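Please open the model in your viewer and keep the selection tool at hand. The tour below proceeds from the whole chain to individual side chains.

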Amino acid sequence: MGFSGFGKIIPSFVSHLVSLLCPPVRRASANVVSIVAKYAVPAGEWPDLLPFLFQCIQSAQEDHREVALILFSSLTETIGNTFQPHFADLQALLLKCLQDETSNRVRVAALKAVGSFLEFTQDGAEVVKFREFIPSILNVSRQCLTSGEEDVAVIAFEIFDELIESPAPLLGESVKSIVQFSLEVCSSQNLESNTRHQAIQIISWLAKYKSNSLKKHKLVAPILQVMCPLLAESANGDEDDDLAPDRAAAEVIDTMALNLPKHVFPPVFEFACLSSQNANPKYREASATVLGVISEGCLDLMKNKLEPILHIVLGALRDPEQMVRGAASFALGQFAEHLQPEIVSHYESVLPHILNALEDTSDDVQEKSYYALAAFCENMGEEILPFLDPLMGKLLAALQNSPRNLQETCMSAIGSVAAAAEQAFVPYAERVLELMKNFMVLTNDEDLRSRARATELVGMVAMSVGRMKMEPVLRPFIEAAISGFVLEFSELREYTHGFFSNVAEILDDGFTQYLPHVVPLAFSSCNLDDGSAVDIDESDDENINGFGGVSSDDEAHDEPRVRNISIRTGVLDEKAAATQALGLFALHTKGSYAPYLEESLKILVRHAKYFHEDVRLQAIIALKHMLTAAEAVFRGHNEGPAKAKEIIDTVMNIYIKTMKEDDDKEVVAQACMSAAEIIKDFGYMAVEPYMPQLVDATLVLLREESACQQQESDSDIDDNDTEHDEVLMDAVSDLLPAFAKAMGPHFAPTFATLFNPLMKFAKSSRPPQDRTMVVACLAEVAQDMGAPIAGYVDSLMPLVLKELASSEATNRRNAAFCVGELCKNGGESSLRYYGDILRGLYPLFGESEPDDAVRDNAAGAVARMIMVHPEAIPLNQVLPVFLKVLPLKEDREESIAVFTCICNLVVASNSQILALVPDLVNLFAQVAASPVETSEVKAQVGRAFSHLISLYGHQMQPLLSNLSPVHANALAAFAPKS
């Protein structure tokens, strides 16, 4: 009968649908209409369909309204475009049906129809109109939950998900009611785990994409009041691990900590303090877990409260319940990873606890403790030496008598110990290497991860003990590593590239002999098919911390969100490791890398645009190393300069493009640092052609307008709440001193364009780290640009004087350095501030200043002031205070300024300094005997001491006889020979 004939029977077909009481049959019949409509409506053969449905949806009959909504839901999938012109009318009708007071069935059908429409609608302006639906959607969902229709209620979460993902500023005030409803649902233990999980997921996505909305509407604390106790909820035995409320809640808390650390830490810390004393072990477990979970996001706040935090976690490590001890060892591992370097200063209390936990009766606690040990030792230095023997005793025993998974974690720990102990590891190296030989020949699939760890460990031991000890025994390990490549295990190949990188680093040019064997392996990993790097799977079976869903990897925070796709796979890590290896091979073998240079550059240019930031990051680093090798390769060649110019052209253009267009802050920061290194290593002339674009890219970053600095759309960013962007902005601000060092006074016109955008970070509303970043940057610019800084003194001095009184030691230190450089190069402009500067510096010389580096920089500032304008300084008052804090204790870069100043005064026979000869002799003796002062500084001291001898001759003898033999002998070396 054709489509037009079907159109005539639509009223009776609807009546038939109405008579069908069975919902699945109704749905199937609606799908039939939908499929017919897919072909009939575009062909213009069913003009009556939409008018008839609009009529039905307004019918007095409940069944008609319900069926019309079911049909609308179904038709959206096939002929959604046809509804476009009628969108406004349809939205009004849907809202009316959502608010239908007479029929629950109509409200439910309307909810489903709204879900279908939102999935179909791409237009931001049309999506925004659904904002007013939110109260009605919440009402319908609440009614569905009351009547047990959870499957319908979760449609609300699917709708909210669409709204949250939309780039339009959608949620406004309604974010409060969405959060309230989601919290009600995830708190209800009588609901299905899937329903609760969907509710938690909404809060997780809000935290990720609309964190400023949560902050603005003061929702952070209410969310945490629900999420923290969820960590203590027992999972049902048969429950899917991914849906467990404690796991999902941990993800939410982690995301919130990363995005809103200042707001998250206080309530979480309060929860941890209270729960650590709870009689219920699940709460004690949650107390330790939550501190581990927030340690990446809240690192700065936690570093300031390490004592009480460690008190909680080390207490939990002694808990009678295994689950609590497991959570504590997880937390310690997270602290060791994220709270560096401050955590290491607590080694005396932490390491003995970890050593005890290694012998725990629970395998789970043991494994997490080995992980904590590995992470903790990674940043230790000589502090590890007293623990070396007991540590290695336990680790070597465990390595021989444990199951495979524990052996792997054990190898990580030994690697960290070796890195910390350096040469002190030599006595253990032979035994460890002997054991590793056994692992590096394993070929069974289940043993290959252990083989990978062993390969990594041999590289770390090599780095610790050095070339002399390692070179004679290396060859069998290199052969074993190469033979592992045929075993088709991505993680083994990844760790093997890391091993070769380490070996290249210790052998330097001695690695050249291995290049023909290892470079092709790195090329093959770099050229792996990209398709194999995307894995449609969210499971993460190697979550080393053992607390599911809590990941320290950045991919958990990547944007935009791609649901159900995890791109953290072995192939991706393998590519990143191979890319890094190419760079290190080039850096260490330099001219010998010539045969591989061209192919390596092709790969790196490609990888600089790779879809995942880990690979891009390694490419950006490696490009700089290729430049170093290229310079050695082309040195002395006829066409060398042209070839080198071609490569620097490629590299600089990639860096400039990355700075503006890459969306990952770490990659952009690395491009900035590498550009600064190129300026330093190759000089201004090499980068002169790129300066306009480089300055422009720097300007874009200072204005916070680059791709990686784009904020979420619907937030009112509050300047008072800005976090210091340590990763990115510290690297950006390092570019200005690099320009100044290369260009000297010629930097002045460029600096004029960068000055105001930089000063935005110095406002009083910005965090202290922003302000000190600016001050440190200006100090270095003043140092190298010289006289042109005088034009900025009046703008800068109020900021720098204020920073001298900061509560942060770093800020005081940088301000003291800066004020000295402004006085040194600021000419007459600085002179009128001398009184204010001396008043600002004076407290930094006293007992109330706890930081040696601050005091050293204050001494450097005074020295520069005296050298430039001695007449403007009351030397009789200043010199005794100045000399009292010498010699310098920490920042010896200031020594040359300090002792040049003193030497100049002595040689000029300044009466004020000659009144202090006993102090000077004592000071000079300490400097002469010091193992850390430079020969340049000692030469200045020798010059001044010789002048004193020429002035006072034998009168000096009593002063010299008061010195210790060591000091007297050191000083005697400078005395003029009679």
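**The whole chain**

The protein comprises 53 helices and zero strands, where helices (H or I, at least four residues) and strands (E, at least two) are DSSP runs, numbered from the N terminus. This is a predicted model, in which local features need pLDDT of at least 70 and side-chain atom pairs count only at pLDDT 80 or more, while totals for chains, interfaces and linings use all residues. Residues are numbered from 1 along each chain as its sequence is written, and side-chain values use heavy atoms, with hydrogens and water left out.

Colour by accessibility: of the 978 residues in the protein, 56% are buried (under 20% relative accessible area; exposed is over 50%, partly exposed in between; 1.4 Å probe, protein chains only). Of the contacts (heavy atoms within 4.5 Å) between residues at least 6 apart in sequence, 75% join residues at least 24 apart.

**The nonpolar core**

Next, select Met-227, Phe-335, Phe-425, Leu-841, Phe-882 and Ile-902, which touch the most other members of the 284-residue largest nonpolar core. Such a core is a set of buried Ala, Val, Leu, Ile, Met, Phe, Trp, Tyr and Cys residues joined through side-chain atoms within 4.5 Å. Helix α33 (residues 613-634) supplies the largest share of this core, eleven residues.

Centre on Phe-425, which is buried at 0% relative accessibility. Beyond its neighbours within four places in sequence, Phe-425 contacts Met-392, Ile-414, Val-417, Ala-418, Val-432 and Val-461.

**Aromatic pairs**

Rings of Phe, Tyr and Trp (its six-membered ring) pair if their centres lie within 6.5 Å; planes under 30 degrees apart count as stacked, over 60 as edge-to-face and the rest as tilted. By this rule there are 14 aromatic pairs. Add Tyr-428: its ring centre lies 5.9 Å from that of Phe-425 and the planes meet at 45°, so the pair is tilted. Tyr-428 is also buried, at 16% relative accessible area.

Now move to Phe-751 and Tyr-792, whose ring centres are 4.9 Å apart with planes at 75°, so this pair is edge-to-face. The two residues are 41 apart in sequence: Phe-751 belongs to helix α40 (residues 748-759), and Tyr-792 to the loop between α41 (768-785) and α42 (793-804). Both Phe-751 and Tyr-792 are buried. Extend the selection to Phe-739, Phe-747 and Phe-755, which form one aromatic cluster with Phe-751 and Tyr-792.
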